[in-house]
Amino acid sequence: MAPEESVETTRLLWSFERRFLAARTLRSFPWQSLEEKLRDSGSELLLDILQKTVKHPLCVKHPPSAKYARCFLSELIRKHEAVHAEPLDELYEALAEVLTAKEPTRCHRSYLLPSGDSVTLSESTAIISHGTTGLVTWNAALYLAEWAIENSETFTHRTVLELGSGAGLTGLAICKMCRPRAFIFSDCHTRVLEQLRGNILLNSLSLEPNATTPVQHLGHDTHTSGSPKVTVAQLDWDTVTAPQLAAFQPDVVIAAGRAGISWEAMPRHDQKLFPYEEHSEMAILKLLL
């Protein structure tokens with residue numbers, strides 16, 4: 001294989017891997033590029049994609065939605081059959097496994113970090129569940145997580161308070177990549193907070209007692225562990241006031257969306273680590289306390 005082809009194949013595999021692990025919409029996958037590659041190669045490429053997706057160690061340990069895996073494999077089989085006459089047993093065996101799997105109300109999504117680590121989240125399979133949209137990860141959280149990783153010095157050795165943490169993607173990425181002193185996740189919905197605590201533990205972070213009042217958090221203590229001090233607080237970002245935020249003694253306050261307080265626009269960033277919709281209109285805003 002020529003060096004250029006090897007680079008293209010690696011990029012294609014990486015694209016399939018990160019999109020599948022994050023359970024992005026099937027239309028976002030580079031299917032056309034795959035078809036072009038399949039015309040010039042054997043079935044090794046499909047076997048490599050299988051290992052990077054359905055058979056990926058993260059997916060085996062924390063499986064995505066069975067319906068999602070079934071639709072993905074069906075599309076992969078269609079692409080193979082459009083180019084090659086001989087069936088690929090491994091694809092059909094993988095499909096048979098997910099066809100017999102029960103569809104739970106929860107699934108997992110995983111996001112690969114530049115360090116080689118990852119963030120895995122347990123989420124609802126429904127966009128709206130228990131009267132809230134906070135049980136799934138939104139594009140804004142992915143965008144903010146990217147910006148945070150690109151601007152890690154903003155968070156290093158600092159106490160960070162996040163409003164509307166939702167499933168926890170942004171905060172977990174910051175905890176794993178930006179070395180904050182302490183991180184306070186917050187949300188207002190009971191079910192969201194319950195899921196949030198589970199996702200923090202799922203990613204091997206220790207939880208301090210809930211920060212129900214500012215004095216319990218002690219934002220500027222002498223915590224020196226290699227991992228940040230992590231707490232969860234119940235806050236409604238539509239009604240929270242600047243004095244209430246300041247009472248938590250944060251050095252930085254972040255939110256993947258606009259709360260009921262004033263923000264100032266920040267320069268856009270160019271890094272594209274996570275697979276969100278390309279047409280999404282997003283901006284980074286700075287909180288004005």
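**A tour from strand E1 to helix H6**

Start with strand E1, residues 106–112: 5 of its 7 residues are buried (under 20% relative accessible area, 1.4 Å probe, protein chains only), so the strand is largely enclosed by the rest of the structure. Strands here are DSSP E runs of at least two residues, and helices are H or I runs of at least four, numbered from the N terminus.

This model is predicted, so local features need pLDDT of at least 70, and side-chain atom pairs count only at pLDDT 80 or more, while totals for chains, interfaces and linings use all residues. Residues are numbered from 1 along each chain, and side-chain values use heavy atoms, without hydrogens or water.

Next, add strand E2, residues 118–124. It runs antiparallel to E1, and 7 bridges join the two; strands pair if DSSP finds at least two bridges between them. Select Ser 110: its bridge partner in E2 is Thr 120. Now look at the hairpin, with 5 residues between the strands. Gly 116 there has a positive phi near 100°.

Move to helix H6, residues 89–99, and helix H3, residues 44–52. Their axes (lines fitted to C-alpha atoms over the stretch in contact) lie 10 Å apart, at an angle of about 30°. The two are therefore roughly parallel, a label for angles under 35 degrees.

Select Leu 46, Leu 47 and Leu 50 in H3. They meet Glu 90, Leu 91 and Ala 94 in H6, with contact meaning heavy atoms within 4.5 Å.

Which residues of H6 are buried? Leu 91, Ala 94, Leu 95 and Val 98. Seen down the axis, they fall within an arc of 100° (by directions from the axis to the C-beta atoms), so they line one face of H6. These buried residues pack against H3 and helix H5, 66–83.

Note on methods:
Axes are lines fitted to C-alpha atoms, for helices over the stretch in contact, and angles run from 0 to 180 degrees between N-to-C directions. Angles under 35 degrees count as roughly parallel, over 145 as roughly antiparallel, 65 to 115 as roughly perpendicular and the rest as oblique. Buried means under 20% relative accessible area, exposed over 50%, partly exposed in between (1.4 Å probe, protein chains only).
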